[in-house]
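User: Please take a close look at one part of this model and describe it in detail. I should then like to see how that part relates to the rest of the chain.

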Amino acid sequence: MKFGEAFTEYLHGELDKFLENCGHVDYKTLKKVLNTCRSCNTLRHSCSSDSSECQCHSCPLCDQKFFSELMKEASQIAGCFSSRVRHLLHLHVATGMQRYVLSLRHCFKDDQKARVLEGWMLIEYALMNAIAIRKILKKYDKIHGSVKGRKFESKLQAEHVELLQSPWLIELGAFYLNSNGSDDGGFKEASSNFSCDFNVNPPVMTLMLPHLIKLELDLTCAVCLVRSYFQYTAKKMKIWILYAFSYAYLIMLSQDTVFNPYALSCGHLFCKSCACSSASVFLLEGLRAASPESKCPICREVGVYTRAVHMLELDMLLKRRCKDYWKERLTEERADMLTQSKLYWGTHARNAIGY
């Protein structure tokens, strides 16, 4: 079965009700735009008769309808996916009075299976639309003999609407792994598609998605990694000079796993303390206090802190899998919080009394 038929069947199958309020790639219409464009058809015949590579890099008629519509659809899909996952996981990691109410509700209605099913449907929803986008962009490049479709994929990543790079996929994977101890068979079956190894270098979460797609997501905090590197080299300066170009030495450097992780809107993962340090804000202020001009330490994109996602499920997974490491990092963060709080309130007090 061709992908177009499989995608249509997916949209009108058992998930029809689930997808009622969710956007999706209008694959059939976009494909029709490419197939019925006279310029594209003329170009296709000229390219088939000429062995040399086609020099056309765009088609005004296609571009007018194609890329703007595809960007709009991709943005709607990414927004729907993130909001649905956020709501689903919020019920799982609720605290305080809300957690009590949900526990009371659980006594009368077991909705674990519903959460498992919804989580898996969300993963399949993201995956099918991501494949549809890649297929249609590949077709555009094939028809036009260009790389404009490939460049548009980079634009989707820059606009943070690339579904398979969403931090919410990590959160869903952590959700299933955290629920692995449940007696519910649905959880065990679904969680078998996810694995997480904090002992490898670097630590990774592996997602085995439908259609034999495998994703390996790095769980390293880049700021911690750089800090560990300089701490290590400061202590072992003589050894570092002797083995500066030795690969065997380089692999000895520890790569720190994220603790109390936040995903910036650019998609990069950091510990909360590292993100606050990079944004030049105090821990007690949080990332929402960051300046709009603050940049991501990796990609240098501005304005990525205010919409950062707190990865609660991933932090819960780390707490369960690496208890000693989690406790050690928690002690360090609390010590930093105390030191910064004294400095913060001391500065405000001095400003208030005028000296």
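Analyst: Arg329 and Glu332 are joined by a salt bridge in this predicted model, with their closest N and O atoms 3.7 Å apart. The pair qualifies because the limit for such a contact is 4 Å. Both residues belong to helix H15, which covers residues 323-353. They are three residues apart, or about one turn of that helix. The two partners are not covered to an equal degree: Arg329 is buried at a relative accessible area of 7%, whereas Glu332 is partly exposed at 38%. The bridge thus has a buried Arg329 on one side, because 7% falls under the 20% limit.

This contact is one of four salt bridges counted in the model. As a general matter, side chains of opposite charge can pair when their charged atoms come close. A second bridge joins Arg84 and Glu118, at 3.6 Å from N to O. Here the partners come from distant parts of the chain, with Arg84 in helix H4 (residues 60-92), Glu118 in helix H6 (residues 112-144) and their positions 34 residues apart. Arg84 is partly exposed, at a relative accessible area of 22%. A further bridge, also given as 3.6 Å from N to O, links Lys214 with Glu216. Glu216 is exposed, with a relative accessible area of 52%.

Aromatic contacts also bear on helix H15. The model holds 14 aromatic pairs. One of them, Phe67 with Phe152, is tilted, with 4.9 Å between centres and 45 degrees between planes. Phe67 lies in H4 and Phe152 in helix H7 (residues 148-158), so this contact ties together parts that are 85 residues apart in sequence. Both rings are buried, Phe67 at 10% relative accessibility and Phe152 at 6%. The pair that involves H15 is Phe282 with Tyr344, whose ring centres are 5.3 Å apart and whose planes stand at 70 degrees, so the arrangement is edge-to-face. Tyr344 lies in H15 and Phe282 in the loop between helix H13 (272-279) and strand E6 (309-310), so parts 62 residues apart in sequence are tied together. Phe282 is partly exposed at 24%, while Tyr344 counts as buried at 15%. Elsewhere, ring pairs link Phe3, Phe7, Tyr10 and Tyr27 into a cluster.

The next topic is the nonpolar interior. In soluble globular proteins, nonpolar side chains tend to be buried together. The largest nonpolar core has 89 residues, and the members that touch the most others are Phe81, Met205 and Leu314. Helix H6 supplies the largest share of this core, 15 residues. Apart from residues up to four places away in sequence, Met205 touches a set of residues that includes Ile170, Ala174, Leu177, Cys196, Leu215, Leu314 and Leu317. Glu216, the partner of Lys214 in a salt bridge, is also among the residues that Met205 touches.

Strand E2 (residues 204-209) has five of its six residues buried. Strand E1 (residues 194-197) pairs with E2 in the antiparallel sense over four bridges, and a hairpin of six residues joins the two. Within this pairing, Phe194 has Leu207 as its bridge partner in E2. E2 also pairs with strand E3 (residues 213-218), again in the antiparallel sense, over six bridges. Leu209 stands opposite Ile213 in E3. Three residues separate E2 and E3 in their hairpin, where His211 takes a positive phi near 65 degrees.

At the level of the whole chain, the protein has 15 helices and six strands. Of its 355 residues, 43% count as buried. Among contacts between residues at least 6 apart in sequence, 68% join residues at least 24 apart. The accessible surface comes to about 20,500 Å², and carbon and sulfur atoms account for 55% of that area. Against this background, the Arg329 and Glu332 bridge is a contact within one helix, H15, whereas Tyr344 in H15 pairs with Phe282 in a loop, so that contact ties H15 to a part of the chain 62 residues away in sequence.

Notes. Residues are numbered from 1 along each chain as its sequence is written. This is a predicted model: local features need pLDDT of at least 70, side-chain atom pairs count only at pLDDT 80 or more; totals for chains, interfaces and linings use all residues. Side-chain values use heavy atoms; hydrogens and water are left out. Buried means under 20% relative accessible area, exposed over 50%, partly exposed in between (1.4 Å probe, protein chains only). Contact means heavy atoms within 4.5 Å. Accessible areas come from the Shrake-Rupley method with a 1.4 Å probe; for residues, only the protein chains shown count as cover. Two strands pair if DSSP finds at least two bridges between them. A salt bridge is a side-chain nitrogen of Lys or Arg within 4 Å of a carboxyl oxygen of Asp or Glu. Rings of Phe, Tyr and Trp (its six-membered ring) pair if their centres lie within 6.5 Å; planes under 30 degrees apart count as stacked, over 60 as edge-to-face and the rest as tilted. A nonpolar core is a set of buried Ala, Val, Leu, Ile, Met, Phe, Trp, Tyr and Cys residues joined through side-chain atoms within 4.5 Å.
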